[in-house]
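Please open the model in a viewer and keep the selection panel at hand. The tour proceeds stop by stop, with a selection at each stop and a description of what is found there.

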Amino acid sequence: MANLELPFRGDQFSVTLNYTDGSGTPVDIDFSAVVFGRDGKILDTLHRHKPSALHSALVSSRDRTEWIEGTQEVPGDDVIHVLPKKLDPAAEAIAFIASAPRQPGQANDLNSSTRLEAVVSFPDDEDHASLKHNKTTDLKPLVSAPHPDGPKAGLGNGQQSMLVSIIYLDKPGWTVHEDLSTFNDDSFGAIVPELKKALMRLKADKGVDLDCCRAIEATGGVDEAEVATFTRKGEDRKLFDLASVRRPAPAEGEPAGAPPTKLRLDIGWSFWKKPKPAEGSEEEEDAGEPEGTDFALVFYDTAGVEVQQVSSGATEADGVKVGREFEEDPEPEAPEAEEAAEGEEGGDAEEGGEPKPPPETPALVPAEDPYAFTLRHVVFINLAELPKAVHSCVLIASKYDGGFEAVRHVRARMYDVSAGEDTAMQKAPTTEPREMLDYGLISKYQADAKLTAVALVKIYKEYDDSAFSMWTASGTQGVGEFVADGPSVKTALRKYAKAYEDFKAEETKLNAAAEESGEELAYEVRKGTWRCSVPSLLMPGESLEDQESDVRNVVQYEGPLASREARTHACARVTFAPKEPPEGQEPQTTVDTYFGGYADDVKSGPGIYLFAVGAAYVGAYAGGKREGLGYMALPDGGLYEGHFKADKFEGQGQYSYPDGSVYTGSWAGGLKHGPGVYWDTVKGCLRGDWVKGIVKGDATYDQAAVRFAGAFVAGMPSGPCAYTLVSHRTLCGGKFAAAHINDCGPTLRMDGEYSIPAGSGADAALDEDGAPIEDPDKPPLPAFPKYEGLGFKSTGLPITMPDVAFPPCEGLVDGIFNSEAGVVPVPGAALFSVKAGLTPGIVA
């Protein structure tokens, strides 16, 4: 499109990003602005956590308290207002960027919204104050197709960010240029080189001669590694990813690089200055910074129990140190002021010389920047030297005396110092540390007196055997898609069971070796990946003990949090503290983990739950319980797939036993109950009705050459029955024994009757709690392996009858899920038809 020239005398112009469609569906999209100075560097930024820039010359509709008097309101979802007459003279170009943050477990991109449009509002040449004109651009068609480079995190279509427009100062006024480039990075901070390239294209393609472009060229061109660190509330990334933004990809065959092992946390805060009291007022003047603000970096184990902590008063712990001692550089001496010559402003040179040029116009920088970082403490963390029990640490800033009433800004920055500044006693960093995180929280003056602490940052280990890791390995777009993919779920459950078995074997081996050597195992056997999240949870309370429930949520829950409110999130990650082990048993070294939907503080919707004892569930939840379709793997190797109700097997389901046998049919209360089919380890098929886990009534048992049909009492045959013998079948050939048998058999049937001791099959009486009452006078029921007391008698001579197929049609299991219908659930069963005998090449 042609560039849009704005009236050069206009008091305001506004850029709007609209992305909601009126349906109420939440949409997570940022709208940010990056201001470039004439020197080619970033002068300031505006984003969701910083609603103004250049001292409110740029303001966001997200926070009206930052607006300068006279700022006009413009309707829209996210609006950035620019007051050109208030801008710093050094400002020359402003880039406007739309971004969709990546979210663990959820696909979120610019195409996630059904609407995406940009609007530029501006005045006309006659009325410089009123925003009378709008220029609208539909952005939706530009993000509907997948990004050419694909999604970086495997979710969505990769259209994470768009450079919507650049508004630049070109004499005599400002001009709007729509760029519309898209990127698979999800914030403006990761695309700074692309923003500068867009500025350079203005010069190359449009002939726009900007000072910032000349400055970029003069410094060697665009720096491909430049990053403007920007961290959102709720962000959750691997430390490796945070340290790798804009880092060149390794050459083919070279390693991808190691994750950070040593971190530096810079912690700072600032205060509001008390307004000067009115003349004659008895109110006291500002006495300086209030006391009592502090920080704590608290380390926890997987159960949420504190392991250690550091603060301004406790500066050392295992693998952690507070403070550093740099050699102070001498203060530079102030240059002697040049005596001004007499005459006009600026003075003249020596007689006969050239006059001195007038001084440059200074930038309009107010005395105080509300977003300035005031460094208070530095903390060094050596991840490799932390106690092996440590699973996470939480950075908490607090002011328990008076709350956050006077606190203006709390901020944390994190750096990778693995290759440089690694201890507090080092005199200076040997290499420039790489900034990984920069997050600040703004507090309104006198608005947050009841809030006394904020959990800013959490660093934690995501174990390879967690529910989230299982979903990540699946490569699906979300937990709901994974739950719906039965074959993938069963494969994942088998892998988890094998990995758990291997882990326990390795743990036992290493602990035995450590015990034999008389030394404690110095490292954790479980493998995991260090990550960092930004909970930014503001908390009331008079002490850290008062905030125990909030802090526990931060430690054990990943998702949006509000103090003392129920948790709700489509893709929450939860770690559950292990139960106390029975006396004499060692505590579990693993914990239960969950990844999936959460509503009103309980599991809801599709989810993955991995138990510390090696069991696993993938399926639907309702009200915190397993409800609906799902899969469950048991520690002994059994696998259930089917319907659940209130955490129990209920409805139609299939259970594959560790020995290879399979039951498919009805369940109630966790037990087989109703019609079902059971295939055993010798590839026999039992069809009948079960009552509370035991087959009762008429049932039929088929093998390739034998069929039994009769009555069962308490799981034992009892009453009339019939055996059908297909004597000519053999499992080693593909044909009948002789050609004439193909027409007439022989297939024989013999009637008989089983009996059990009188009263042994009677149902036990139940007590008040529903538990069976043991009757010492009741005769024992026949049982495996001798079946003592089971009787049989023949009630007729064998007779010839037509052949029967194997397996019987009724034994073909209709799958619990639509993709699995009409199969023999055990491998290796031979298939016989009446007409063709053993079907060639077909084995179930």
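Throughout the tour, a residue is called buried when its relative accessible area is under 20%, exposed when that area is over 50%, and partly exposed in between, as computed with a 1.4 Å probe on protein chains only. The model is predicted, so local features are reported only at pLDDT of at least 70 and side-chain atom pairs only at pLDDT 80 or more, while totals for chains, interfaces and linings use all residues. Residues are numbered from 1 along each chain as its sequence is written, and side-chain values use heavy atoms, with hydrogens and water left out.

**Stop 1: a buried ion pair**

Select Arg 232 and Asp 30. A salt bridge is counted when a side-chain nitrogen of Lys or Arg lies within 4 Å of a carboxyl oxygen of Asp or Glu. Arg 232 and Asp 30 meet this criterion, with their closest N and O atoms 2.4 Å apart. Both residues are buried. Helices (H or I, at least four residues) and strands (E, at least two) are DSSP runs numbered from the N terminus. In these terms, Arg 232 belongs to the loop between α3 (211-218) and β13 (236-238), whereas Asp 30 is in strand β3 (residues 30-37); the pair links distant parts of the chain, 202 residues apart.

Extend the selection to Asp 28, Arg 48, Arg 102, Asp 186 and Arg 237, which are linked with Arg 232 and Asp 30 in a network of salt bridges. The count of salt bridges by this rule comes to 44.

**Stop 2: two further salt bridges**

Select Arg 552 and Glu 548, whose closest N and O atoms are 3.1 Å apart in a salt bridge. The two residues are separated by about one helical turn because they are four residues apart in helix α8 (residues 548-556). Arg 552 is partly exposed at 39% relative accessibility, and Glu 548 is partly exposed at 48%. Next, select Arg 115 and Glu 117, which form a salt bridge with a closest N and O separation of 2.9 Å. Arg 115 has a relative accessibility of 31% and therefore counts as partly exposed.

**Stop 3: the six-stranded sheet**

Two strands are treated as paired if DSSP finds at least two bridges between them. Select the strands of the open sheet with the order β1-β12-β11-β8-β3-β4, in which the pairing is antiparallel. Its edge strands, β1 (4-5) and β4 (42-46), each pair on one side only. At the β1 edge, two bridges join β1 to strand β12 (residues 173-183) in antiparallel fashion, and Leu 4 stands opposite Val 176 in β12.

**Stop 4: the long selection, α7**

Select residues 486-517, which constitute helix α7. This helix has 32 residues and reaches 47 Å from its first C-alpha to its last, close to the expected 46 Å; the expected span is 1.5 Å times one less than the number of residues. Its buried residues include Val 489, Leu 493, Tyr 496, Tyr 500, Phe 503 and Leu 510. Among the elements that cover the buried residues of α7 are α5 (467-474), α6 (479-484), β29 (602-610) and β30 (616-622). Just after α7, Gly 518 takes a positive phi of about 80 degrees.

**Stop 5: β36 and its two partners**

Select strand β36 (residues 685-691); five of its seven residues are buried, so the strand is largely enclosed by the rest of the structure. Strand β35 (residues 671-679) is joined to β36 by six bridges and runs antiparallel to it, with Val 677 having Arg 687 as its bridge partner. These strands form a hairpin with five residues between them, and Lys 683 in the turn has a positive phi of about 65 degrees.

On pairing with strand β37 (residues 694-702), β36 is again antiparallel, over six bridges. Cys 685 stands opposite Asp 702 in β37. Two residues lie between the strands of this hairpin, where Lys 692 takes a positive phi near 50 degrees.

**Stop 6: cysteines**

How many disulfides does a search of the whole structure find? The result is zero, a disulfide being a pair of cysteine sulfur atoms within 2.5 Å. For Cys 212, the nearest cysteine sulfur is that of Cys 213, 4.3 Å away. Cys 212 is buried at 0% relative accessibility.

Technical notes. Contact means heavy atoms within 4.5 Å.
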